Amino acid sequence: MQNKTDLASQTTARAQLPAAIWMLGFVSLLMDVSSEMIHSLLPLFMVGSLGASAFTVGLIEGAAEATALIVKVFSGVLSDYLGRRKGLALLGYGLGAATKPVFALASGVGWIVAARLTDRVGKGIRGAPRDALVADLAPPALRGAAFGLRQSLDSIGAVLGPLLAVGLMLLWANDFRAVFWVAVIPGVMAVALLAFGVHEPKAVASEKRHNPISRANLRQLTPAYWWVVAIGGLFTLARFSEAFLVLRAQQSGLSLALIPLVMVAMNLVYAASAYPFGKLADRISHKALLGLGLLVLLAADLLLASSTQLAALLGGVLLWGVHMGLTQGLLATMVADTAPAHLRGTAYGFFNLLSGVAMLLASALAGLLWDGWGAEATFYAGAGLCLLTLLALLLRRPAAKPA
């Protein structure tokens, strides 16, 4: 009898997730197909075709991701001020889709820098309003599941993108530029689905305008929220750009066309684990779950540092995917749980500001270590930063999760 009750409860919970959350997930899926077709090949294209160093790759990737995270501050604040999320999200996705042809046309590193930074500005514009929109749409008791679902669909796109890249590279004899042109198509589809398939809740649109970054409003961001911000920034220092997974795969002896399969493997695990771990976050301690994610990342770094053998590479990449499934939706849930509803966009913005600075530092440092002391030094440094973040997590007890 208990099992039937549990099954009915789970079925009801799934039914309570609004269709708009599923649509947002499919928008993320399509844009990730587009982006990952390019990003799974971009480090190889920069190093092999354009002559860039590992430090240059790290700096470009770190600056690109930092740009996305920092821009989220302004888009999040603006979405709170306007009381609307969808328009900003649509602008961000549209900008991302518009930059995809530049990668196919690039004749030098400067083109890549311009395209990556502009693309990430688009990601930054859409990120905080989209996350705030998920939080607005989801019932509070299912918030972890909602973020996990969106993250899972996003990760499925990150699986399909590299798979398409592999198939097209084999079909077209390693023609990077032809693959980059095909990536334009799902980007345009993502924008169309968001425009016509997602409707913003009326409660958000009808709120009175206010200045989210006034002193009075900032006082409403509690110490529990700022603790999440600090832990998130420190965690990002331990997690540099995934471009270095691609470069490590090249050292393992995989053929050029097959290297994107590394990202396929990682994102398969990420996609499969994000939703279950998101549901788990609704029931157990966030601190314990985040600590587990750090331990998994630590193990991934140690494996990747230890050997260039295919087994070590695969093990490290799969563990990297598990840690992503454990932590990425969780951190978004922790922000939503510790910030007032009318300041969620601003809260995500400040969270991503610190994470953006940390990502730039982490990826630049990873590239310097790679060029100066080898890949092993990069991954051992990541492991050390995992231990530092774990220590910080143990030393501070966050406020209890609100009911």
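Which residues are linked in a network of salt bridges? In this predicted model, the network takes in E61, K100, R116, D119 and R120.

**View 1. A closer look at the D119 and R116 pair, part of that network.** D119 and R116 form a salt bridge, with 3.9 Å between the closest N and O atoms. The two sit three residues apart in helix α6 (residues 109–137), so about one helical turn separates them. D119 is buried, with a relative accessible area of 0%, and R116 is buried too, also at 0%.

**View 2. R130 meets D131 in a salt bridge.** Here the N to O distance is 3.2 Å. R130 has a relative accessible area of 10% and is buried; D131 counts as buried at 8%.

**View 3. Helix α7 holds a salt bridge between D154 and R150.** Their closest N and O atoms are 3.9 Å apart. They are four residues apart, about one turn of the helix, and both are buried.

**View 4. A nonpolar patch on the surface covers about 460 Å².** I156, L160, L163, L170, L258 and L261 make it up. Helix α7 (residues 143–171) gives the most, with four residues. L258 comes from the loop between α13 (243–251) and α14 (261–281) and is partly exposed, at 30% relative accessible area.

**View 5. Helix α14 bends by about 35° at A274.** A proline, P276, follows within four residues. The helix has 21 residues and spans 29 Å from first C-alpha to last, close to the expected 30 Å. Its buried residues include V262, M266, Y270 and A274, and among the elements covering the buried residues are α2 (19–39), α7 and α16 (310–338).

Key: Residues numbered from 1 in each chain as written. Predicted model: local features only at pLDDT ≥ 70, side-chain atom pairs only at ≥ 80, totals over all residues. Heavy atoms only, no water. Patch = residues over 30% accessible without salt bridge, like charges linked within 9 Å, V, L, I, M, F, W, Y side chains within 5 Å. Areas by Shrake-Rupley, 256 points an atom, 1.4 Å probe, with all protein chains shown as cover. Salt bridge = Lys/Arg side-chain N within 4 Å of Asp/Glu carboxyl O. Buried < 20%, exposed > 50% of the residue type's maximum accessible area, 1.4 Å probe, protein only. Expected span 1.5 Å × (residues − 1). Bend = angle between axes of the 7 residues up to and from the residue. Contact = heavy atoms within 4.5 Å.
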